[in-house]
Amino acid sequence: MTNTHHAVIAQSGVDAGAPSGRSVSARPRHVGVYSTGVGVLIAALTVALRHFGVLTGPITLALVIAVALALPTAKTLSGRILLAGLIALGWSQTLWWWQLPFDRVTACLALGFGMAAGWIIARKMHLMGSRPLIPDIRVVDVIPLLTAAFGLFAFKPWITRDDGVSALALLLPGWDNSAHFNMFHMTWLHGSTIDAITPPTATNDWLYFNYPQGFHATAASLAQLMWPAAKHDVSSSLIAYNRITALLVTATVVTLVAGLCSMPRLRSRWDVAAPLAAVVSAGFFLGPGATSVQSGFASFVVPCALIGASMFVVVSMSRVAQPVSMLALCGAFLGVAHGWILLLVLAFPVAVASLLPMTKDRWRASRHAWTATALIIGATAFGIFRAARLVLGGTGGTSLSAPGAITPPPVGMVVVIATSSLGAGLIAVALLRKGELVDKANAWQVSTLISILPICVVVAHYLTSIQIRDHGTVGYYFWKFLLGSELILLALLSLAVSLIVPHEIAKKKPTGRVLTGIGVCALSLAGTQLYGYSGPSSVATGLVSTDTTTIVQDNFRLAPDAMATAASSLLSAARVLENSGIDSAYLETAPTSMDPINAQQWYLSLRGDWTTQGNFESVLLQGGQDSVETTIPVAERWLSSHSGTLVISPSLRQAFLDDARLVSYSDRIRAWS
């Protein structure tokens, strides 16, 4: 490998191999004992602080991030964010795959802090390599931090709701939110994903036992890290879920943008990186990504960003057997497999690109590096197999023509992003083939990544054909796949543009910083408006926001009372029965802002009693009720076919007890006070 290749890889900010240091035989034994002792002490202190409830809250999360970024996994700050983000977002879900008799998050904190402390002591005593703890920080490294602020501002309502009623009211407009909160809360409460929880009966499984829960397990890790005592209170759990949803989506997009900012050609060109980052992040925070989050598909948005971030890892890898980079890359694949497994077809070109080009230098590594790489790949294969087994083994798989509710993305914008990514990718390949050795390697990789676009077309055509065959029109899975394709191709577009910047320009810093700064701010602001106007709005003057996030927030503000009333009733109903009530139901009448089936699903979700049988029988609660009189037959139908309790609002109680058809069931009709 040439010296130029080594220099460019080092500049890219992604781990290029273990740093050199003194030989093992030259290490003083007493120093090793001392560093180990410090590590054990820090680990014990961590366990004690967690036990007494001191090491919790957002400060703990900030401490974890600081420790992760202090590890010299890459030379640049953005490179460290990229690798640490993918590793954490992809692998933390594995903590919840099995029941464990101890607090797994505390154990990981103690192990991580202890090892980091011992390692730092050893470095200070010259037992480890020479790579600095403080990364290379440039102006471009501020962009991921600005992206984090952008995301937290966009999801401000998700973070600022501080009571159970308002937190639940925010979730009610998105039908699928009940399912995803259920998976998160069940995982957190029971200590494992639903497939590892003992079913309530031999013939009645917990709902979603066959649904991969990577997002929900990762959310449970964050919840246990910051608010471990909140899981036993449903209102606190709702608040935690909303905040963690916003944090996870923001963190994943920050990881993606950090990958962009770690590219060697953009390290000195923050003026190019900033508008690119604005376009990409706005796609997730204001465009199709925001549409998905508001509809209850945050667990789908995260895998899309993971695939995008993984592309930047691939083009920065100098060798295949690069354990830290491979751990990050495989973490992305795990997150995709346990997020929305169909997206693995779009992650496949990324996996192939990581193996290219097939040169000796790229495949040369130490035996230890290959052993670690093989173990990582093996663990990833097991995780992907586990996700496939869940999807295919539970009910024979999911029909790709199944109906569902989703807001379709603007097709014109999808076409613009798809053709732009293709054009920029082809230009990048043409330019890279004429460059240096590392450029030619990137040309192979980008050529492979461009194949994502034809794969999108083929899969979309297949989904179209089976959905038109079964229903006469395209539906849920087609639009959802198209939306994911749009987000992933947006990341590919940014990668291609970052590789088009000539070396001569990349080495020069922007001149005229004031004017350049103003121009970059203007371009970045323009990038955030590509998906619809998202500035101040006034209905009276006709100046109305058109981006999804603002529209949903405006709709909530227009009918806050209806959402809050429905949320308050649901929370009150969920608390009526103290014990498990897998054979209980919640019935409400108009005027209500909720479909009776959705209300029942939320009731079961909040109680943690959502089973396959209960979900199937929720249709019995739908009978066109629009008054007390039309609701009574629905109640009679459910009570006559069940032995459990029917929970109703206090406004219905007297009418139900006075009706002759329900007199015999009066002991099984309950209302909250």
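Which residue's side chain meets that of Asp361 in a salt bridge? The partner is Arg364, at 2.5 Å from N to O. Asp361 is partly exposed, with a relative accessible area of 23%. This is a predicted model. My points on it follow.

1. **Salt-bridge network.** The whole structure holds 11 salt bridges. Asp136, Arg138, Asp141 and Arg267 are linked in a network of them. Within it, the side chains of Arg138 and Asp136 meet at 3.2 Å, N to O. Arg138 is partly exposed, at 31% relative accessible area. Asp136 is also partly exposed, at 23%.

2. **A buried link across the chain.** Asp141 forms a salt bridge with Arg267, and their closest N and O atoms are 2.8 Å apart. This pair joins distant parts of the chain, 126 residues apart. Asp141 sits in the loop between α5 and α6 (142-154). Arg267 sits in the loop between α11 (234-261) and α12. Both residues are buried.

3. **Helix α12.** This helix covers residues 270-285, 16 in number. From first C-alpha to last, α12 reaches 21 Å, close to the 22 Å expected at 1.5 Å a residue. Of its 16 residues, 14 are buried, so α12 is largely enclosed by the rest of the structure.

4. **Nonpolar surface patch.** Trp98, Leu100, Phe102 and Phe382 make a nonpolar patch of about 420 Å² on the surface. Phe102 lies in the loop between α4 (77-91) and α5 (104-124). Its relative accessible area is 46%, so Phe102 counts as partly exposed. Patch residues need over 30% relative accessible area, and Phe102 passes that cut-off.

5. **Backbone points to check.** Most residues other than glycine have a negative phi, and most peptide bonds are trans. Two sites here depart from that pattern. Tyr208 is not a glycine, yet has a positive phi of about 70°. Tyr208 is found in the loop between α9 (177-190) and α10 (214-226). The peptide bond from Leu356 to Pro357 is cis, with omega near -5°. Pro357 lies in the loop between α16 (344-353) and α17 (360-363).

6. **The sheet.** Three strands form an open sheet in the order β1-β2-β3, with parallel pairing. The edge strands, β1 (585-587) and β3 (669-671), each pair on one side only. Neighbouring strands are turned by 35° against each other on average, direction ignored. Strand β2 (residues 646-648) pairs with β3 over 3 bridges, in the parallel sense. Leu646 stands opposite Ile669 in β3.

How values were computed. Residues numbered from 1 in each chain as written. Predicted model: local features only at pLDDT ≥ 70, side-chain atom pairs only at ≥ 80, totals over all residues. Heavy atoms only, no water. Patch = residues over 30% accessible without salt bridge, like charges linked within 9 Å, V, L, I, M, F, W, Y side chains within 5 Å. Areas by Shrake-Rupley, 256 points an atom, 1.4 Å probe, with all protein chains shown as cover. Salt bridge = Lys/Arg side-chain N within 4 Å of Asp/Glu carboxyl O. Helix = DSSP H or I, 4+ residues; strand = E, 2+ residues; numbered from the N terminus. Buried < 20%, exposed > 50% of the residue type's maximum accessible area, 1.4 Å probe, protein only. Expected span 1.5 Å × (residues − 1). Pairing = 2+ DSSP bridges. Axes fitted to C-alpha atoms, helices over the stretch in contact; angles between N-to-C directions.
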